[in-house]
Amino acid sequence: MRGKAWKFGDNVDTDLIIAARYLNTSEPSELAKHVMEDADPEFVSKMEPGDIIIAGENFGCGSSREHAPIALKAAGIAAVIAPTFARIFYRNAFNMGLPIFELPEANEINEGDIVRIDMEKGEVIDETTGKSYKFNPIPEFMQELVDAGGLIQYAKKELAAQKEQA
């Protein structure tokens, strides 16, 4: 993964990720049009698919709605990097197939920097500054969820494999 960094602060809650006024749909493409709108009204028009959000502590706090990671993924966000995530958001992100990485030094990365994530090495590289950071590896099962595109896709794959074996 490689993309431009977009920086947000501490305690970005799910209402900032996707405002409640848009929750009359769960259609990913509709949610994507409004992602991060209350934090930065121009965000969707400025970001590009493959870009990466760099956030502060406790990203995804607030309600447990799955709409938040769905909206980020549908907008084209490749990953979110933060020192900590709200636990329900952490699990929802993987269930929806959105990779997230806990990195204590996330605040050292500046908005606009080009960031690369090397999953095999467990490393975030800020190509703009040349600094690299080690992140806590994603548990193997969680990585399988991301690779499959989320929990539902993973379950479909597992069911198909079981049918083939039967």
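1. Let's start with Asp-126, a residue worth a look in this predicted model. Asp-126 is buried and yet has no salt bridge. Lys-131 is the nearest side chain of opposite charge, and it is 7.7 Å away. A salt bridge here needs a side-chain nitrogen of Lys or Arg within 4 Å of a carboxyl oxygen of Asp or Glu, so Lys-131 does not pair with Asp-126 in this way.

2. What does the side chain of Asp-126 reach instead of a charged partner? The backbone nitrogen of Thr-128, at 3.0 Å. Asp-126 itself belongs to strand β6, which covers residues 123-126. If you set aside neighbours within four places in sequence, you will find Asp-126 in contact with Ile-109, Asn-110, Asp-113, Ile-114, Lys-131 and Tyr-133.

3. Lys-131 does find a partner elsewhere: it forms a salt bridge with Glu-108, with the closest N and O atoms 3.8 Å apart. Lys-131 sits in strand β7 (residues 131-134) and Glu-108 in the loop between β4 and β5 (114-118), so this pair ties together parts that are 23 residues apart in sequence. Both ends of the bridge are partly exposed: Lys-131 has a relative accessibility of 44%, and Glu-108 has a relative accessible area of 38%.

4. Please also look at the pair formed by Arg-87 and Glu-102, whose side chains meet in a salt bridge at 2.8 Å, N to O. Because Arg-87 lies in helix α5 (residues 87-96) and Glu-102 in strand β4, the bridge ties together parts that are 15 residues apart in sequence. Strand β4 itself spans residues 100-102. Not counting residues up to four places away in sequence, Glu-102 touches Arg-87 along with Ala-82, Pro-83, Thr-84, Phe-85, Tyr-90, Phe-135 and Asn-136.

5. Lys-46 and Asp-40 give you another salt bridge, at 2.7 Å from N to O. Are its two ends buried or exposed? Lys-46 is partly exposed, with a relative accessible area of 37%, whereas Asp-40 counts as buried at 17% relative accessibility.

6. For the wider charge picture, the count comes to 9 salt bridges. Arg-2, Arg-116 and Glu-127 are worth viewing together, as salt bridges link these residues in a network.

7. Turning to the helices, α6 (residues 140-148) and α7 (residues 151-165) pack with their axes 7 Å apart and at an angle of about 90 degrees. That angle makes α6 roughly perpendicular to α7. On the α6 side the contact is made by Phe-141, Glu-144, Leu-145 and Ala-148. From α7, the residues making the contact are Leu-151, Gln-153 and Tyr-154.

8. Finally, two asparagines deserve a glance at their backbone. Asn-11 has a phi near 55 degrees, a positive value in a residue other than glycine. You will find Asn-11 in the loop between β1 (2-7) and α1 (14-17), where it is partly exposed with a relative accessible area of 46%. Asn-58 also has a positive phi, of about 65 degrees, although it is not a glycine. Asn-58 lies in the loop between β2 (52-54) and α4 (67-75), and with a relative accessible area of 27% it is partly exposed.

Note on methods:
Residues are numbered from 1 along each chain as its sequence is written. This is a predicted model: local features need pLDDT of at least 70, side-chain atom pairs count only at pLDDT 80 or more; totals for chains, interfaces and linings use all residues. Side-chain values use heavy atoms; hydrogens and water are left out. Helices (H or I, at least four residues) and strands (E, at least two) are DSSP runs, numbered from the N terminus. Buried means under 20% relative accessible area, exposed over 50%, partly exposed in between (1.4 Å probe, protein chains only). Lys and Arg count as positive and Asp and Glu as negative; His and the chain ends are not counted. A polar contact is a pair of N or O atoms within 3.5 Å; within protein, one must be able to donate a hydrogen and the other to accept it, and residues adjacent in sequence count only if both atoms are side-chain atoms. Contact means heavy atoms within 4.5 Å. Axes are lines fitted to C-alpha atoms, for helices over the stretch in contact, and angles run from 0 to 180 degrees between N-to-C directions. Angles under 35 degrees count as roughly parallel, over 145 as roughly antiparallel, 65 to 115 as roughly perpendicular and the rest as oblique.
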